[in-house]
Amino acid sequence: MLNDDLAGAALRILSWVCPATLYEGIEGDIIEQYYIDCRQVGANRAGRRLWWRVFTFFRPGILLRNKFSINVIQADMLKNFLTVAWRSLLRNRAYSTVNIVGLTLGLSVAIILLMIVRFEYSFDGYHSGASRLYQIKSHDKFGEDGSHVPQGAIKALREQVPEVESVATVYGWTPRVIRVGNESVKPDAGAFIHPEFLKMIDVHWINGSVAQSLAQPFQVVLDEPTAKKLFHGDDPIGKVIRYDNQLDLTVSGIIAKLPVQSEFQFGMFMSYETLVKYQDDYQREDYWDGGDSWFHGYVMLKPGANAKVVEAKFNDLLRTHKDVSQYVRFDLLPITETHFDPDTDTFNYVIPKWMLTVLMSIAGFLVLIASINFVNLATAQALVRSKEIGIRKVMGGSRFSIVIQFFTETAVMVSLSVCLACGFASLLLPYADHFFNTQVNFGKVWDAATVSYLAGLVGIVTILAGFYPALILSGFKPVSIFRNQGSVLSGTKISLRKSLVIVQFTIAQVMIICMVIGIQQIRFFMKTDLGFTRENILTVAMPYRDSVLLQERFKQQLLQHPEIKQVAFGLASPASDRNHWWGGTKHPGILNGEETFRLQWIDPEYLSLYNVPLLAGRNFIPADTSQLALINEKAAHEMGFKNVEDALGEKLIYWGSNTVTVIGVIRDYHSQGLKSTVPPHLYIYGKWNFQQAQIKIEPGKTADALLHTSQVWSALHPDYFFEYSILSDQLDKFYTDEQKLSNFIMVFAIVGIAIGCMGLFALVSFVCARRSKEISIRKVLGASMANLMTLLSKDFIVLVIVAFVIGVPIGWYVMNKFLEQYPNHIDVKWSVFLFSGALTLGLALFTVSLRSLSTARINPASQLKQE
Amino acid sequence: MPKEYLGEFEELVLTMVGILKDEAYGNAIVNEIRERIGRDSNLSAVHVTLYRLEDKGLIKSQMGGSTNARGGRRKRIFTITNAGMATLRVMKESRMDLWKLIPQLKFGSA
């Protein structure tokens, strides 16, 4: 042999790539030359030359000779491996079951998660021009990001920036009712758009075209389901629908429904010219000031144009209008990013990217936990398999072939699990969609990408789970296997198994801690007093700019029913996730003179209905005009008054020209939900903008109250739909994201701990089987049940406790980071950790005792009689 | 005529196998080439060429005895086949025929 280790290493590397039949001759030549070199130029240079010589053997002429000779043997052996794999799978049913069930469970969740994550990432990426399509984000002078793009900016971009191919406004506006003939139909979401927009996104035209269907005022393009709903299969082209009882729109085109992974879930596209006729405000083409956050701008650049350049030119244009604009900057956001950015106020929903990252890592952890089971059980089984390995080796099996054998066995089990997991995943997907509030099942699920992902998953899990067992088992020396079975498993391997169990339970422990704290935080969100009454209140959407007289009659008729205690009108309930109106408000006391206040229109009964107390001044009375205003504490502070009384009588100017006098200050309440801080508020008594009726009802009489309200509604507003919601349900919608995440973590924590416990169970079974004779002897010698149980459980319980000790700081750190993002959050209490620890320990103890109990109760005679 | 032509290096290696007879193995060929024509050749190149010649049926190989100088590894000894000899001969003769056609310079009285 070579005395030089390095030279030996080089030859070993060569032996991996070199065809076995040729190797001896080549190696001999190299060694021979090495000795000659040693004599002539010394050991150092000889070593270097050897490395170089080995290196030159990595050439096609050598490497390509491999395949042919080896494949023939492998194909035969593979068949044998598969047979043996199948047999050992059947022979060790208990272990196989634990492995397969654990892996299946982990993989099903991982597959579902992948689909969810892929779905979320696929939003609006399918358009052929997606890489050139951008949403315009606006940045106003108060430092807020938003999505409104004034029509002046759209016009300037279209006419003055040469790199722009097309630009379009999309104004999401869903009417309250659509009438077709005499029939009232509850409408789908709708939007006013520039015709170019349907060229920017991929749309399949069934009838009509971009050029003809949206250029004129009062044209509307329907998607197929909406057309079917409105016209019941008749040809809708040229027919008229009545929009919100105000506008007659002619159907001029039909398009296929847009895929679910699009932000633009509209059933109706109305021509932008209609909007111009409908609302005078939009006739001003040079308007650069603020507006509705659903008035979006989208821009398609010419191929090869640089978005940064366009952005710069756009902002130069903006600067020439800076006196009349509330915006200081526009950004171009790639269309595929809009699904992740909360400031874009998309027409669909937004999901934060970090949540997807969390989901992916959780999926990874679950697969890891399941793979650890595999490793542990395989090493535990090593003893059983050691004889087989010994025989294989004696019969001439190389280490490599044994490694391949164990990888094959792992791959068989993993493939089986993946197949089962796919079945489960597709069965569970509709439920998962419902539970996690996603729409994956409506998109494309099984395609080439999924299949290749699954293949990749099989590969990764096989390597992860099979690597260690294959390495350990193939390293057994036949002599020691046959001479003395016991010594095959040395101490180090068992301690590895222990540390793997610790890893598993640490992950499970952290997940449980996250779950408990997450649930507590959500409960905190839902139960915390927001500063106004939230129970037993019904809100009903009123027709836009309804007549004041009808509103009053509606109120009076409702109050005749005993279940209805009070009725008030306003723009919206004190807190809701939609219909927030904002306005730049001026007062000399405000820093820089102006700030964005949230505007709310209320009637005199609004505050008393919601039990919001006045801190100073007086409430509105019916005789008041819209020249008077109330503000909240926060607004008074922003205006520079420490003492809220001092704000009374102050004059404020909102929306540039409307002057109001403060007559009262009310206590702050959480109008944006608990995820945000309280903004300054301005309350105006203006009947024109009462869009919602607030109805306080007798507790427990919701059904009766609803019935009466709907009857009164249909009598007074026969042309409109009765749309109501229960306030407390509405408020909970603020926390959909958090609810989603907490549901996710809960499922994962349960799956994680379940897989971990299954592994634990199998390990305990293994130990119990190995030590059954010892237990019997101890029992004969007088050990009590308690003694035996402790003996069998102690080791495992210690591992779970160690995992707890490691898991606590991790869970504490992670959850602190999570909670920090909310201005209103719970404090992490020690009891949470104690509870989580006790839960894990209890489950582990239960699992262990399932098996150790039966072992401890075994009849010693049955175990010992054979000796 | 042989069906396949031989490259220059292939022909050299084939000739060396013929020369070395029972001692033709990779390293010996490298050294022989260096000693006879003073050319440094690469061990791996020689090996690859030997296998290629073997594929063509011009040489055959068997495992020989081991020596201590090779760390106990056996040598793969190559021997030239009849086909190999025929190829060499054909090549040599065609070269000679061509050589004769080159106008020879005459020295001395003219």
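How many residues does the contact take from chain A and from chain B? That was my opening lookup, and the reply came back as 19 residues from chain A and 16 residues from chain B. A reminder to myself before going on: this is a predicted model.

**Entry 1: the side of chain A that touches chain B**

I asked which elements supply this side. Those giving two or more residues are helix H2 (20-41), helix H3 (43-56) and helix H4 (60-91) of chain A. H2(A) gives the most, with 10 residues. I then sorted the residues on this side of chain A by character and got 7 nonpolar, 5 polar and 7 charged. For the confidence of the model I noted an ipTM of 0.85 and a pTM of 0.71.

**Entry 2: chain B by itself**

Next I turned to the partner. I found 4 helices and 2 strands in chain B, and from the N terminus on its elements run α-α-α-β-β-α.

What radius of gyration does chain B have, set against a compact globule of 110 residues? I read 17 Å for chain B, where such a globule would have a value near 13 Å. The box told me about its proportions: along the principal axes, the C-alpha atoms of chain B fill roughly 65 × 30 × 20 Å.

I also looked up burial, and 28% of the 110 residues of chain B count as buried. For contacts in chain B between residues at least 6 apart in sequence, I noted that 47% join residues at least 24 apart.

On confidence, chain B has a mean pLDDT of 85, and 91% of its residues reach 70 or more. Among its elements, helix H1 (residues 8-20) of chain B has the highest mean pLDDT, at 91. The lowest, 84, belongs to strand E1 (residues 59-66) of chain B.

**Entry 3: helix H9 of chain A**

Back in chain A, I picked helix H9 (residues 224-231) and checked burial there; A:Thr226, A:Ala227 and A:Leu230 are buried. Why do these residues sit on the same side of H9(A)? I looked at their directions around the axis: they lie on the same side because they cover an arc of only 100°.

I wanted to know what covers them. The cover on the buried residues of H9(A) includes strand E4 (178-180), strand E5 (183-185) and strand E8 (219-223) of chain A. It also includes strand E9 (240-243), strand E10 (247-255) and strand E11 (268-271) of chain A. One backbone detail went into the margin: just after H9(A), A:His232 takes a positive phi of about 50°.

**Entry 4: the partners of E10 in chain A**

Since E10(A) is among the strands covering H9(A)'s buried residues, I followed its pairing next.

- I found E8(A) running parallel to E10(A), joined to it by 5 bridges. A:Leu222 has A:Ile254 in E10(A) as its bridge partner.
- I found E9(A) pairing with E10(A) in the antiparallel sense over 4 bridges. Here A:Arg242 stands opposite A:Asp248 in E10(A).
- I found strand E7 (residues 205-207) of chain A antiparallel to E10(A), with 2 bridges between them. A:Trp205 stands opposite A:Ile255 in E10(A).

Which residue takes a positive phi in the hairpin of E9(A) and E10(A)? The hairpin has 3 residues between the strands, and I found that A:Asp244 takes a positive phi near 50°.

Notes
Residues numbered from 1 in each chain as written. Chains lettered and ligands numbered in written order. Predicted model: local features only at pLDDT ≥ 70, side-chain atom pairs only at ≥ 80, totals over all residues. Contact = placed C-beta atoms within 7 Å. Nonpolar A, V, L, I, M, F, W, Y, C, P; charged D, E, K, R; others polar. Rg over C-alpha atoms; globule rule 2.2 N^0.38 Å. Buried ≥ 20, exposed ≤ 12 C-beta atoms within 10 Å, placed from the backbone. pLDDT = per-residue confidence, 0-100. Arc of directions from axis to C-beta. Pairing = 2+ DSSP bridges.
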